[in-house]
Amino acid sequence: MFFLTLTGVLLSCQNHSKRTETVEDDTLTVASLISSLVEDNFHSFAGIIPAADGQGIRYNLQINDMNDSYTLQTTYLGADNGNDRTFVTHGTRKIIQGTKSDPDAIVYQLIPNDGDTPINLVIRNDSTLRFLTDSLEDIRSEHNYDLTVVYPEE
């Protein structure tokens with residue numbers, strides 16, 4: 001009888017430890033899911049576009065989908081006696097449908113909080129935004145006017 005009771009206790013403890021491991025694994029999975037959902041609310045894009053009188057302009061854009069806000073870091077490469085000059089702008093992202101050449105295109109219009117001129121970026125694909133003119137037309141140039149997605153480091 002003692003042997004059966006001891007066996008029952010041992011089996012019960014083994015099952016309990018397995019349940020604990022499963023709960024911990026489930027907890028980690030839920031935590032990972034919540035973390036990925038939070039991360040997915042922010043999208044970052046970067047690129048260097050040509051400058052009329054300099055080495056180029058580096059754009060680093062972070063969009064917050066939760067509240068349609070953005071932060072844009074604009075760096076004029078070599079603009080200040082050979083040194084880079086950086087500006088940071090915050091504002092609101094507005095989503096517009098249609099450009100002059102594509103009525104179905106989706107455009108992000110970045111409206112700066114400081115009242116400066118909005119910036120228009122058309123979604124080219126799932127990893128690329130392209131600058132447009134103020135009148136929502138394609139920029140006709142042989143140069144690159146794209147910002148590409150920046151994936152978070154793991």
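**Strands, hairpins and patches**

Biologist: Let's start with Ala 46: which residue is the bridge partner of Ala 46 in β8?
Modeller: Keep in mind that this is a predicted model. Three bridges join β1 to strand β8, residues 146-150, and the two run antiparallel. Within β8, Ala 46 has as its bridge partner Thr 148.

Biologist: And which residue is the bridge partner of Ala 46 in β2?
Modeller: Strand β1 covers residues 42-49 and strand β2 covers residues 57-64. They pair in the antiparallel sense over eight bridges. In β2, the residue bridged to Ala 46 is Asn 60.

Biologist: Can we keep walking across from there? What is the bridge partner of Asn 60 in β3?
Modeller: Sure. Strand β3 spans residues 69-80 and pairs with β2 in the antiparallel sense, over eight bridges. Moving from Asn 60 into β3, you land on Gln 73.

Biologist: How do β2 and β3 connect, and which residue in the turn has a positive phi?
Modeller: They form a hairpin, with four residues between the strands. In that turn, a positive phi of about 55 degrees belongs to Asp 68.

Biologist: What about the hairpin of β3 and β4: which turn residue has a positive phi there?
Modeller: β3 and β4 pair in the antiparallel sense over nine bridges, and Tyr 76 stands opposite Arg 85 in β4. The hairpin they form has two residues between the strands. The turn residue with a positive phi, about 55 degrees, is Asn 81.

Biologist: Let's look at the surface. Which residues make the nonpolar patch?
Modeller: The patch comes to about 220 Å². One of its members lies in strand β4, residues 83-97: that is Ile 95. The full set is Ile 95, Ile 106 and Ile 123.

Biologist: There's a negative patch too. Why can Asp 138 count as part of it, and what is its relative accessible area?
Modeller: The patch is formed by Asp 102, Asp 104, Glu 137 and Asp 138, and Asp 138 is found in the loop between β7 (128-132) and β8. Patch residues need over 30% relative accessible area. Asp 138 clears that cut-off because it is partly exposed, with a value of 32%.

Biologist: Last one, for the big picture: what share of the residues in the protein chain is buried?
Modeller: The elements run α-β-β-β-β-β-β-β-β from the N terminus on, which comes to one helix and eight strands. The protein chain has 154 residues, and the buried share is 25%.

Key:
Residues numbered from 1 in each chain as written. Predicted model: local features only at pLDDT ≥ 70, side-chain atom pairs only at ≥ 80, totals over all residues. Heavy atoms only, no water. Patch = residues over 30% accessible without salt bridge, like charges linked within 9 Å, V, L, I, M, F, W, Y side chains within 5 Å. Areas by Shrake-Rupley, 256 points an atom, 1.4 Å probe, with all protein chains shown as cover. Salt bridge = Lys/Arg side-chain N within 4 Å of Asp/Glu carboxyl O. Pairing = 2+ DSSP bridges. Lys, Arg positive; Asp, Glu negative; His and termini not counted. Charge placed at Lys NZ, Arg CZ, Asp CG, Glu CD. Buried < 20%, exposed > 50% of the residue type's maximum accessible area, 1.4 Å probe, protein only.
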